[in-house]
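Got the viewer open? Switch to a cartoon view, keep the selection box handy, and follow along.

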Amino acid sequence: MSYIVGLLSPWDMGSAVGARIVGRGARVFTCLEGRSERTKRLAEAAGLESAASLEDLVERCDLIISIMVPSEALGAAQSVAEAVKSVGKALPYTDCNAIAPSTAQQIGAAIVDAGGVAIDAGIIGGPPRGETPNTRFYASGPDASAFDQLNSYGVDVRVIGEEIGQASGLKMCYAASTKGTAALMLELLIAAKRLNLYDALIDEFGLSQQARLKSLDELNGVPSKSRRWIGEMEEIAKTFDEVGLTPHTFAGAADMFRHVGGNALADETPENRNRDRTVEELIRRLAH
């Protein structure tokens, strides 16, 4: 009998993960009711099957994984918890979203109270593609071994602890270093452009920060993701606040992605974004 995974939801990362699991011999079901046409196309291309409802998903699956924007994570978990309680099945539910440890604990409590099994996970790396994808799923919780089974289906799962929230905490710290840095670089480059100092700053980077100068090309991919990253920065701010550090650094990063998300460039998708655009053109448009 095939191993069956439920996936919420099949967007960029989710559809790539689903396709990888399907390609290794498992079946993946998802709920497409109310989803966009793009999401439906991604699900179809990934070979995902459609469940009629969350109750149907719970009944069919051996495991459910949640990969979505942070703002939807708790609501989705609560809906699944209701389905788990209705069906009466102790189903493992893995939240893989970019959320604060305290949010992960809320989700875990909702699932466990309904009779399910809660697992915390954080994704580091882009959507898995090719034979050696650079994507890792760090997992934690007393029952994380249930998620560890996906190692047999092409997913790199690494269990790092027994507490719900540890995996999410690792994701928060890592994303602070990557996406937080992207927000900082965008802000200072926009400031330099508005001060008519962009060329002088780039010239100085060429003299003293060559590695940083080379990394600026990666900023072209930010607009298509910026709206999703707002909530992630807010969860990082929450994480740091809850351990006694300032939340303002990443509240500011959320504001920066909000600024980028208000530009027409953010209407691009990963499939249709302009890969020939220079960083200077990106900053010129964001500066205006």
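Start with Gly6, which stands opposite Ile64 in strand β4. Bear in mind as you click around that this is a predicted model.

**Stop 1: strand β1 and its partners**

Widen the selection to β1, residues 4–8. How many of its residues are buried? The count is 5 of 5, so the strand is mostly covered. Show the side chains: Ile4, Gly6 and Leu8 point one way, Val5 and Leu7 point the other way, and all are buried.

Now add β4, residues 63–66, which pairs with β1 in the parallel sense over 4 bridges. Then add β2, residues 27–30, which also pairs with β1 in the parallel sense, over 4 bridges. Pick Val5 here, and you'll find its bridge partner in β2 is Val28. Bring in helix α1, residues 12–23, and you have a right-handed β-α-β unit made of β1, α1 and β2.

**Stop 2: helix α10**

Next, select residues 226–242, which form α10. Put a distance between its end C-alpha atoms and you should get 24 Å. That agrees with expectation, because 17 residues at 1.5 Å a residue should span 24 Å.

Color the helix by burial. Among its buried residues are Trp229, Ile230, Met233, Glu235, Ile236 and Phe240. What covers them? The cover includes α4 (70–87), α5 (101–113), α7 (166–194) and α11 (248–261). Just past the end of α10, check the backbone at Gly244, where phi is positive, at about 85°.

**Stop 3: a threonine against α10**

Jump to Thr103, in helix α5. Is Thr103 buried or exposed? Its relative accessible area is 6%, which is under the 20% cut-off, so Thr103 counts as buried. Leaving aside residues up to four places away in sequence, Thr103 touches Glu235 and Lys238.

**Stop 4: the nonpolar cores**

Finally, select Leu186, Leu189, Leu216, Leu219, Ile236, Phe250 and Phe257: these have the most contacts inside the largest nonpolar core, a set of 34 residues. The elements giving two or more residues to this core are α7, α8 (198–208), α10, α11 and α12 (279–287). Which element gives the largest share? That is α7, with 9 residues.

Zoom in on Phe250. Apart from residues up to four places away in sequence, Phe250 touches Ala176, Gly180, Met233, Ile236, Ala237 and Phe240. For a last selection, try Leu32, Ile119, Ala121 and Ala146, which are included in a second, separate core of 28 residues.

Note on methods: Residues numbered from 1 in each chain as written. Predicted model: local features only at pLDDT ≥ 70, side-chain atom pairs only at ≥ 80, totals over all residues. Heavy atoms only, no water. Expected span 1.5 Å × (residues − 1). Buried < 20%, exposed > 50% of the residue type's maximum accessible area, 1.4 Å probe, protein only. Contact = heavy atoms within 4.5 Å. Pairing = 2+ DSSP bridges. Right-handed = clockwise from strand over helix to strand, strands pointing away. Core = buried A, V, L, I, M, F, W, Y, C linked by side-chain atoms within 4.5 Å.
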